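Visitor: I would like to learn how to read a model like this one, beginning with a single residue and working outwards. Could you take me through it?

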Amino acid sequence: MRTPVSILILIIFMIGTSLCGCKSEEKLLGELSGTVTDASTSQPLLNAKVVLNRFVDSTTTTSDGKYFFKSMHTGNYDVQVSKHAYERKSGSASVSEGKSTEINFTLNSIPEPKISQKYLDFGIDSTIKYFTITNVIPTDINFSIITDQNWI
């Protein structure tokens, strides 16, 4: 015959075991991913910065232009993408529970002039100097030479 204390311990043990065996319902979180490419070449952009404005979380793109945010709470997010020598783009995405949302960006490059290694040195005896300005992106470059100085 069991004593009341041993029965009580047995009941507590059984309740504890049954509580530990139950799994709480896990809430599935969403994911956000996408690709960042160059508008003129359609090539993926490496190291483009992708920022979620809502929580100030960020990542950079991999060599294939992809980015990925996981374990995100459901809701709407503002996404901003930037990279040196490219325009900044923004978009919005809605993340749903247990689903993966994709938002892709195509960035237009900003022309970045390259100046020749020759320096413009208008010395005392020089009247003509040659130099080049080239651009890595096809676009117009405007320049002007102002001769309002006496020494030019």
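Guide: Let us begin with one residue of this predicted model: Thr37 counts as buried because its relative accessible area is 17%, under the 20% cut-off.

Visitor: Where is Thr37 placed, and with which residues is Thr37 in contact once its neighbours within four places in sequence are left aside?

Guide: Thr37 lies in strand S1, and, with those neighbours left aside, its contacts are Ser42, Gln43, Pro44, Leu45, Phe105, Thr106 and Leu107.

Visitor: How should I think about a nonpolar core, and which residues have the most contacts inside the largest one here?

Guide: In soluble globular proteins, nonpolar side chains tend to be buried together. In this model the largest nonpolar core has 18 residues, and Leu32, Val36 and Tyr67 are those with the most contacts inside it. Two or more residues come from each of strands S1 (30-38), S2 (49-52), S4 (66-72), S5 (75-82), S6 (89-95) and S8 (105-107). Tyr67, leaving aside its neighbours within four places in sequence, is in contact with residues including Leu32, Val36, Val50, Ile103 and Phe105.

Visitor: Which elements make up the chain as a whole, and where is confidence lowest and highest?

Guide: The protein chain has one helix and 10 strands, with the helix coming before the strands from the N terminus on. Where pLDDT is low, the predicted coordinates should not be read in detail. Here the chain averages a pLDDT of 79, with 59% of the residues scoring at least 70; confidence is lowest in strand S10 (residues 133-135), at a mean of 64, and highest in S8, at 97.

Notes
Residues are numbered from 1 along each chain as its sequence is written. This is a predicted model: local features need pLDDT of at least 70, side-chain atom pairs count only at pLDDT 80 or more; totals for chains, interfaces and linings use all residues. Side-chain values use heavy atoms; hydrogens and water are left out. A nonpolar core is a set of buried Ala, Val, Leu, Ile, Met, Phe, Trp, Tyr and Cys residues joined through side-chain atoms within 4.5 Å. Buried means under 20% relative accessible area, exposed over 50%, partly exposed in between (1.4 Å probe, protein chains only). Helices (H or I, at least four residues) and strands (E, at least two) are DSSP runs, numbered from the N terminus. Contact means heavy atoms within 4.5 Å. pLDDT is the predictor's confidence in each residue, from 0 to 100.
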